[in-house]
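Please go through the fold and the side-chain packing of this protein by question and answer. Each answer should give its reasoning and close on the name or value asked for.

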Amino acid sequence: MNIVIRSGRSEELPEIMEMIARCVAVMQAGGSDQWDSQYPNRDVISEDIKQGTLFVAESEGRIRGMIVLDENQDDQYETIHWKEDDGPHLMMHRLAVDPEAQGQGIARKMVEFTEEKAVSDGYRSIRLDTYAKNAAALRLYHGLGYDLRGEVNFPGKLAAFPVFEKVINANSL
């Protein structure tokens, strides 16, 4: 499968929201309350596109995945002991792969894209959180050399969110 990762476009919002709905259905069927009908919603994704921070993985004319890359850290991240204190830091948010395309390396390609962007844009580290019940994401980040730095909790969620960091330099990738 040939994957192209590029900026998401406003006219793709309906297709992106349909993919998110499929992801939510699979998450909930598996017992995860990470995402729901309230988050991520159309307004959040529309703002991501408007800000130029949402990237899509496209194959055969269809959106197969998405990721948001920006510098916005949740306030709870202040409680984490980071390896790299000096910034800037690139944040990974809302990584999702269409359930119809999972298991094909798309998430890995999107993380590799993130790492290449971090190097080219001069970031010192990549930071993210994922849901403790998301076993596939936990395996992915561990396997790609992300260090577990602690965990945060978000209101209304049943489990914690492990927080990861990968220090970036051109020689580390």
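The questions below concern a predicted model and go from the sheet to the cores, the rings and single residues.

Q: In which order do the 7 strands of the open sheet lie?
A: The sheet is open, and its pairing is mixed. β1 (4-7) and β6 (147-152) are the edge strands, each pairing on one side only. Neighbouring strands are turned against each other by 30° on average, direction ignored. The order is β1-β2-β3-β4-β5-β7-β6.

Q: How many residues lie between β2 and β3 in their hairpin?
A: β2 and β3 pair in the antiparallel sense over 6 bridges, and Val 56 has Met 66 in β3 as a bridge partner. In the turn, Glu 60 has a positive phi of about 50°. The number of residues between the two strands is 2.

Q: Is β3 largely enclosed or largely open to the outside?
A: β3 pairs with β2 over 6 bridges and with β4 over 5 bridges, in the antiparallel sense. In the pairing with β4, the bridge partner of Gly 65 is Val 97. Because 8 of the 9 residues of β3 are buried, the strand is largely enclosed.

Q: Which residue of β7 is the bridge partner of Asp 129?
A: β5 pairs with β7, which covers residues 161-167. This pairing is antiparallel and runs over 5 bridges. The partner of Asp 129 is Val 163.

Q: What angle does the direction of α3 make with that of β4?
A: α3 packs on the sheet and touches β1, β2, β3, β4, β5 and β7. The helix spans residues 106-120. Its direction and that of β4 make an angle of about 160°.

Q: Which element gives the largest share of the largest nonpolar core?
A: This core has 26 residues, and those touching the most other members are Met 92, Ile 106, Met 110, Val 111, Ile 126, Tyr 141 and Tyr 146. Two or more residues each come from β2, β3, β4, α3, β5 and α4. Apart from this core lies another of 17 residues, among them Met 17, Val 24, Leu 54 and Val 56. The largest share of the 26-residue core, 5 residues, comes from α3.

Q: Which residues does Tyr 146 touch, leaving out those up to four places away in sequence?
A: Tyr 146 is one of the residues that touch the most other members of the largest nonpolar core. Its contacts also include the charged side chains' residues Glu 115, Glu 165 and Lys 166. The full list is Met 92, Val 111, Glu 115, Ile 126, Leu 128, Tyr 141, Phe 164, Glu 165 and Lys 166.

Q: Why does the pair of Phe 55 and Phe 113 count as tilted?
A: The count comes to 6 aromatic pairs. In this one the ring centres are 5.2 Å apart, and the pair is tilted because the planes stand at 55°, whereas edge-to-face needs over 60 degrees. Phe 55 is buried at 8% relative accessibility, while Phe 113 is partly exposed at 21%. The value that decides the class is the plane angle, 55°.

Q: How many residues apart in sequence are the parts that Phe 55 and Phe 113 tie together?
A: Phe 55 lies in strand β2, residues 54-59. Phe 113 lies in helix α3, so the pair ties together parts with a sequence separation of 58 residues.

Q: Which residues do ring pairs link into a cluster with Phe 154?
A: Phe 154 and Phe 161 form an edge-to-face pair, 4.9 Å centre to centre with 80° between the planes. Phe 154 is partly exposed at 22%, and Phe 161 is buried at 6%. The cluster joins Phe 154 with Tyr 131 and Phe 161.

Q: At what distance from the ring centre of Trp 82 does Arg 127 lie?
A: Arg 127 lies over the face of the Trp 82 ring. The distance from the ring centre is 3.9 Å.

Q: Is Asp 48 buried or exposed?
A: Asp 48 lies in helix α2, residues 42-51. Beyond four places in sequence, Asp 48 touches Thr 53, Leu 54, Val 68 and Arg 94. Its relative accessibility is 6%, so Asp 48 counts as buried.

Methods: Residues numbered from 1 in each chain as written. Predicted model: local features only at pLDDT ≥ 70, side-chain atom pairs only at ≥ 80, totals over all residues. Heavy atoms only, no water. Phe/Tyr/Trp six-rings, centres within 6.5 Å; stacked < 30°, edge-to-face > 60°. Helix = DSSP H or I, 4+ residues; strand = E, 2+ residues; numbered from the N terminus. Buried < 20%, exposed > 50% of the residue type's maximum accessible area, 1.4 Å probe, protein only. Lys NZ or Arg CZ within 6 Å of the ring centre and 35° of its normal. Core = buried A, V, L, I, M, F, W, Y, C linked by side-chain atoms within 4.5 Å. Contact = heavy atoms within 4.5 Å. Pairing = 2+ DSSP bridges. Axes fitted to C-alpha atoms, helices over the stretch in contact; angles between N-to-C directions.
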